[in-house]
Amino acid sequence: EEQEEDVLRDLRLFLRYVTESLAQDRRFKAFAKPVDTEEVPDYTLVVKAPMDLSTLLTNIDEQKYVTVDEFVCDADLIWKNALEYNPDSDPMDRHIRHRACALRDALRSIIRAELNEGFQRACEEIRASR
Ligand SMILES: CC(=O)c1csc(NC(=O)C2C[NH2+]C2)n1
(Lines give C-alpha, C1' and ligand atoms only; values in the text may rest on other atoms or scores of the structure.)
Protein backbone atom coordinates (compact mmCIF):
# COMPACT_ATOMS: atom_id res chain seq x y z
CA GLU A 1 0.00 0.00 0.00
CA GLU A 2 0.99 3.68 0.06
CA GLN A 3 3.34 3.39 3.06
CA GLU A 4 5.19 0.50 1.34
CA GLU A 5 5.61 2.54 -1.85
CA ASP A 6 6.93 5.42 0.28
CA VAL A 7 9.55 3.11 1.85
CA LEU A 8 10.60 1.67 -1.53
CA ARG A 9 10.88 5.16 -3.03
CA ASP A 10 13.22 6.11 -0.16
CA LEU A 11 15.19 2.90 -0.81
CA ARG A 12 15.65 3.89 -4.49
CA LEU A 13 16.86 7.36 -3.44
CA PHE A 14 19.34 5.82 -0.99
CA LEU A 15 20.65 3.26 -3.52
CA ARG A 16 21.06 5.99 -6.20
CA TYR A 17 23.04 8.10 -3.70
CA VAL A 18 25.34 5.13 -2.93
CA THR A 19 25.81 4.20 -6.60
CA GLU A 20 26.38 7.80 -7.78
CA SER A 21 28.96 8.33 -4.99
CA LEU A 22 30.94 5.36 -6.33
CA ALA A 23 30.44 6.35 -9.98
CA GLN A 24 31.98 9.79 -9.31
CA ASP A 25 35.18 8.27 -7.91
CA ARG A 26 37.85 8.15 -10.64
CA ARG A 27 39.37 4.99 -9.08
CA PHE A 28 36.23 3.10 -10.18
CA LYS A 29 36.06 4.28 -13.79
CA ALA A 30 36.70 0.74 -15.12
CA PHE A 31 33.52 -0.37 -13.32
CA ALA A 32 31.26 2.49 -14.51
CA LYS A 33 29.94 0.89 -17.71
CA PRO A 34 29.50 -2.67 -19.05
CA VAL A 35 32.74 -4.23 -20.39
CA ASP A 36 32.63 -3.86 -24.20
CA THR A 37 32.50 -7.49 -25.35
CA GLU A 38 33.51 -6.34 -28.88
CA GLU A 39 36.79 -4.94 -27.47
CA VAL A 40 37.16 -7.76 -24.92
CA PRO A 41 35.72 -10.86 -26.64
CA ASP A 42 36.88 -13.38 -23.99
CA TYR A 43 35.15 -11.47 -21.20
CA THR A 44 31.81 -13.32 -21.50
CA LEU A 45 33.70 -16.66 -21.57
CA VAL A 46 35.09 -15.93 -18.08
CA VAL A 47 32.39 -13.74 -16.50
CA LYS A 48 28.90 -15.28 -16.49
CA ALA A 49 27.09 -12.44 -14.66
CA PRO A 50 28.51 -9.08 -15.77
CA MET A 51 27.65 -6.04 -13.64
CA ASP A 52 28.65 -2.36 -13.55
CA LEU A 53 27.59 0.87 -11.85
CA SER A 54 25.39 2.10 -14.72
CA THR A 55 23.51 -1.22 -14.79
CA LEU A 56 22.94 -0.91 -11.01
CA LEU A 57 21.29 2.50 -11.66
CA THR A 58 19.07 0.98 -14.36
CA ASN A 59 18.09 -1.85 -12.00
CA ILE A 60 17.22 0.72 -9.29
CA ASP A 61 15.00 2.66 -11.74
CA GLU A 62 13.34 -0.60 -12.79
CA GLN A 63 12.50 -1.21 -9.10
CA LYS A 64 14.50 -4.46 -9.00
CA TYR A 65 15.58 -4.02 -5.35
CA VAL A 66 13.30 -4.24 -2.28
CA THR A 67 16.15 -4.49 0.26
CA VAL A 68 19.69 -3.10 0.53
CA ASP A 69 21.04 -6.68 0.68
CA GLU A 70 19.58 -7.49 -2.76
CA PHE A 71 21.40 -4.41 -4.13
CA VAL A 72 24.67 -5.38 -2.38
CA CYS A 73 24.45 -8.86 -3.95
CA ASP A 74 24.43 -7.32 -7.44
CA ALA A 75 27.03 -4.67 -6.55
CA ASP A 76 29.34 -7.41 -5.23
CA LEU A 77 29.34 -8.99 -8.71
CA ILE A 78 31.42 -6.03 -9.89
CA TRP A 79 34.43 -6.84 -7.72
CA LYS A 80 33.98 -10.62 -7.86
CA ASN A 81 33.97 -10.47 -11.68
CA ALA A 82 37.07 -8.24 -11.68
CA LEU A 83 39.00 -10.70 -9.47
CA GLU A 84 37.89 -13.57 -11.73
CA TYR A 85 38.84 -11.83 -14.97
CA ASN A 86 42.14 -10.46 -13.61
CA PRO A 87 43.71 -13.32 -11.61
CA ASP A 88 47.32 -12.98 -12.73
CA SER A 89 50.36 -11.48 -11.00
CA ASP A 90 50.98 -9.00 -13.79
CA PRO A 91 50.80 -5.35 -12.71
CA MET A 92 47.64 -4.51 -14.70
CA ASP A 93 45.72 -7.42 -13.13
CA ARG A 94 46.94 -6.46 -9.66
CA HIS A 95 45.97 -2.81 -10.31
CA ILE A 96 42.38 -3.62 -11.25
CA ARG A 97 42.07 -6.08 -8.33
CA HIS A 98 43.17 -3.37 -5.89
CA ARG A 99 40.52 -1.04 -7.32
CA ALA A 100 37.86 -3.76 -7.17
CA CYS A 101 38.63 -4.36 -3.49
CA ALA A 102 38.55 -0.59 -2.86
CA LEU A 103 35.10 -0.49 -4.52
CA ARG A 104 33.85 -3.32 -2.28
CA ASP A 105 35.11 -1.56 0.86
CA ALA A 106 33.80 1.88 -0.19
CA LEU A 107 30.34 0.40 -0.87
CA ARG A 108 30.13 -1.22 2.56
CA SER A 109 31.52 1.86 4.28
CA ILE A 110 28.93 4.25 2.74
CA ILE A 111 26.08 1.86 3.59
CA ARG A 112 27.24 1.40 7.21
CA ALA A 113 27.60 5.18 7.61
CA GLU A 114 24.30 6.19 6.01
CA LEU A 115 21.77 3.37 6.41
CA ASN A 116 19.29 3.62 9.27
CA GLU A 117 18.73 0.13 10.72
CA GLY A 118 15.00 0.75 11.24
CA PHE A 119 14.67 1.63 7.55
CA GLN A 120 16.52 -1.57 6.52
CA ARG A 121 14.12 -3.59 8.73
CA ALA A 122 11.08 -1.92 7.08
CA CYS A 123 12.41 -2.96 3.66
CA GLU A 124 13.01 -6.53 4.82
CA GLU A 125 9.45 -6.74 6.18
CA ILE A 126 8.12 -5.69 2.76
CA ARG A 127 10.28 -8.37 1.09
CA ALA A 128 9.03 -11.01 3.59
CA SER A 129 5.38 -10.03 2.90
CA ARG A 130 5.64 -10.48 -0.90
C1 LIG B 1 36.07 -4.36 -15.55
C2 LIG B 1 37.25 -5.29 -15.53
O3 LIG B 1 37.32 -6.22 -14.72
C4 LIG B 1 38.34 -5.08 -16.47
C5 LIG B 1 38.37 -4.10 -17.42
S6 LIG B 1 39.83 -4.23 -18.27
C7 LIG B 1 40.35 -5.56 -17.34
N8 LIG B 1 41.54 -6.26 -17.49
C9 LIG B 1 42.52 -5.92 -18.44
O10 LIG B 1 42.35 -4.99 -19.17
C11 LIG B 1 43.74 -6.72 -18.54
C12 LIG B 1 44.64 -6.83 -17.36
N13 LIG B 1 44.73 -8.30 -17.55
C14 LIG B 1 43.57 -8.24 -18.51
N15 LIG B 1 39.43 -5.90 -16.42
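A polar contact is a pair of N or O atoms within 3.5 Å, and that cut-off is the one to keep in mind for the first close-up of this predicted model.

**View 1. Polar contacts of the ligand with D93 and N86 in the predicted model.** A polar side-chain atom of D93 lies 2.3 Å from a nitrogen atom of the ligand, a distance that falls within the 3.5 Å limit, so the pair counts as a polar contact. In the side chain of N86, an N or O atom is found 2.7 Å from a nitrogen atom of the ligand. Taken alone, the ligand exposes 390 Å², of which the protein buries 72%.

**View 2. The shell of residues around the ligand.** Surrounding the ligand are A30, V35, A82, Y85, N86, M92, D93 and I96, a set that divides into 6 nonpolar residues, 1 polar residue and 1 charged residue. The space that the ligand takes is the largest pocket. Two or more residues of the shell are given by each of helix 4 (68–85) and helix 5 (91–114), and helix 5 gives the most, with 3 residues.

**View 3. The aromatic pair of Y43 and Y85.** The count of aromatic pairs comes to 2, and one of them is formed by Y43 and Y85, whose rings are 4.9 Å apart from centre to centre, with 65 degrees between the planes, in an edge-to-face arrangement. Y43 belongs to helix 2 (residues 43–46) and Y85 to helix 4, so the pair ties together parts that are 42 residues apart in sequence. Y85 is also among the residues that surround the ligand.

**View 4. The helices of the protein chain, as context for the close-ups.** The protein chain has 6 helices and 0 strands, and from the N terminus on its elements run α-α-α-α-α-α. Along its principal axes, the C-alpha trace of the protein chain spans about 50 × 30 × 25 Å.

Notes: Residues numbered from 1 in each chain as written. Predicted model: local features only at pLDDT ≥ 70, side-chain atom pairs only at ≥ 80, totals over all residues. Heavy atoms only, no water. Near = heavy atom within 4 Å. Polar contact = N/O pair within 3.5 Å; in protein donor to acceptor, adjacent residues only side chain to side chain. Areas by Shrake-Rupley, 256 points an atom, 1.4 Å probe, with all protein chains shown as cover. 1 Å grid on protein atoms, 1.4 Å probe; cavity = no way out; pocket = protein on both sides within 12 Å on 5 of 7 lines; lining within 4 Å. Sits in = over half its atoms within 2 Å of the grid points. Helix = DSSP H or I, 4+ residues; strand = E, 2+ residues; numbered from the N terminus. Nonpolar A, V, L, I, M, F, W, Y, C, P; charged D, E, K, R; others polar. Phe/Tyr/Trp six-rings, centres within 6.5 Å; stacked < 30°, edge-to-face > 60°.
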